[in-house]
Amino acid sequence: MPELPEVERARALIQSRGLRRRIVAVDDRDGYVCRPHGPGEIADALVGRELTAAHRRGKAMWCEASDDGPVLGLHLGMSGRIVIDGVEGGDPKPAAAGRGWDRFTLDFEDGGHLTMRDPRRLSRVRLEPNLDRLGPDAARIAAGPFRERVGRGTGPIKARIMDQAVIAGVGNLLADEGLWRARVDPRRAAGDLARDELDGLRRALRAAIRDAIAKGGVHTGKVIPARRRDGSCPRCGAAMRRATIGGRTTWWCSAEQQG
DNA sequence: AGCATTGTTTCACA
DNA sequence: TTGTGAAACAATGC
């Protein structure tokens, strides 16, 4: 269930358990997850090397490796998780294993493994991933750049913060959570938000991200359980409203988030 | 059976 | 240029 917090947990897992282990074999046979690389191409680039660092911007992750070869890009997509030696990153709920959901695997010399486990196969593994179209990370962007990038345009604010080229890392659930915390109507035009509203939204998003990383993922958010029919606002009890905004199902408080 | 789904990319179109 | 909506991708769960 990867948005920025899950990806950060996966990155931390790789950093703590996946580095400095010699890669002796690579299973890159899933041509969809590894596209456009051909079978064996990623293996040839990685065998004999060791991962030396794990980085993240938004929902994109990449690993440096020893001996000056290409960088390994990992994107969890809609349902991907990183598993190392049976330990999962990203989500506290253990994924059902051993159902043929392991789409990409590094075998280490010490007998351990790093695996991309993904039921739906929308995750991606790439050499030298292109990150040019990714905006600043949503967890790290400063107030000034946030106001400048987010507070413009005629489209709805929710679509704006989910645009990975504007800021990187906010997905559908995190967007609803942040807008709810900031008491901002998701339908409002991004360019209409006042300076203090933009500052408040930035703080709300950062707090939501921080909490989600600590608790285990975006689904631990305060308003997430209210995103259902007959749901009510956890703060004021008013009915939650639902609509499609920015192409995604959106829920917000009918009383606190309007105008 | 039918609908929805946490992500990304592409395309037609206004 | 900016934005929108839909479709496609693959597969699962309710």
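## Exercises on a protein–DNA model

In this predicted model, a sugar or linking oxygen of DNA strand C is 3.4 Å from a polar backbone atom of Arg120. The exercises begin with that strand and then turn to the protein.

**Exercise 1.** Find which residues lie around DNA strand C, and work out what share of the DNA atoms within 4 Å of the protein is sugar and phosphate.

*Solution.* Begin with the residues around DNA strand C, which are Tyr32, Trp101, Pro119, Arg120, Arg121, Leu122, Gly153, Thr154, Gly155, Pro156 and Arg160. Sorted by character, the residues of this surface divide into five nonpolar, three polar and three charged. Turning to the DNA side, sugar and phosphate account for 78% of the atoms of DNA strand C that come within 4 Å of the protein. Individual distances fill in the picture: a phosphate oxygen of the strand is 2.7 Å from an N or O atom in the side chain of Arg121, and a phosphate oxygen is 3.0 Å from a polar backbone atom of Thr154.

**Exercise 2.** Describe the place, the phi angle and the accessibility of Arg121.

*Solution.* Locate Arg121 in the loop between strand 8 and strand 9 (124-127). Next, read its phi, which is near 65° and thus positive in a residue other than glycine; most residues other than glycine have a negative phi. Finally, Arg121 counts as partly exposed because its relative accessible area is 34%, a value between the limits of 20% and 50%.

**Exercise 3.** Trace the order of the five-stranded open sheet, and state which strands form its edges.

*Solution.* The strands follow the order 1-7-8-5-6, with antiparallel pairing. The edges are strand 1 (23-27) and strand 6 (87-88), each of which pairs on one side only. From strand 1, four bridges lead to strand 7 (residues 102-108), and in that strand Phe108 is the bridge partner of Ile23. Helix 1 (residues 4-17) lies across strand 5 (81-84), strand 6 and strand 8 (113-117), running at about 20° to strand 5.

**Exercise 4.** Decide whether Arg21 is buried or exposed, and identify the residue whose side chain makes a polar contact with that of Arg21.

*Solution.* Arg21 has its place in the loop between helix 1 and strand 1. Its relative accessible area is 13%, so Arg21 is buried, the limit being under 20%. The polar contact, of 3.0 Å, joins its side chain to that of Asp85. Beyond four places in sequence, the residues that Arg21 touches include Arg49, Glu50, Ile84 and Phe108.

Notes. Residues are numbered from 1 along each chain as its sequence is written. Chains are lettered from A and ligands numbered from 1 in the order in which they are written. This is a predicted model: local features need pLDDT of at least 70, side-chain atom pairs count only at pLDDT 80 or more; totals for chains, interfaces and linings use all residues. Side-chain values use heavy atoms; hydrogens and water are left out. Two strands pair if DSSP finds at least two bridges between them. Helices (H or I, at least four residues) and strands (E, at least two) are DSSP runs, numbered from the N terminus. Contact means heavy atoms within 4.5 Å. Axes are lines fitted to C-alpha atoms, for helices over the stretch in contact, and angles run from 0 to 180 degrees between N-to-C directions. A residue is near a molecule or strand if one of its heavy atoms lies within 4 Å of it. A polar contact is a pair of N or O atoms within 3.5 Å; within protein, one must be able to donate a hydrogen and the other to accept it, and residues adjacent in sequence count only if both atoms are side-chain atoms. Ala, Val, Leu, Ile, Met, Phe, Trp, Tyr, Cys and Pro count as nonpolar, Asp, Glu, Lys and Arg as charged, and the others, Gly among them, as polar. Buried means under 20% relative accessible area, exposed over 50%, partly exposed in between (1.4 Å probe, protein chains only).
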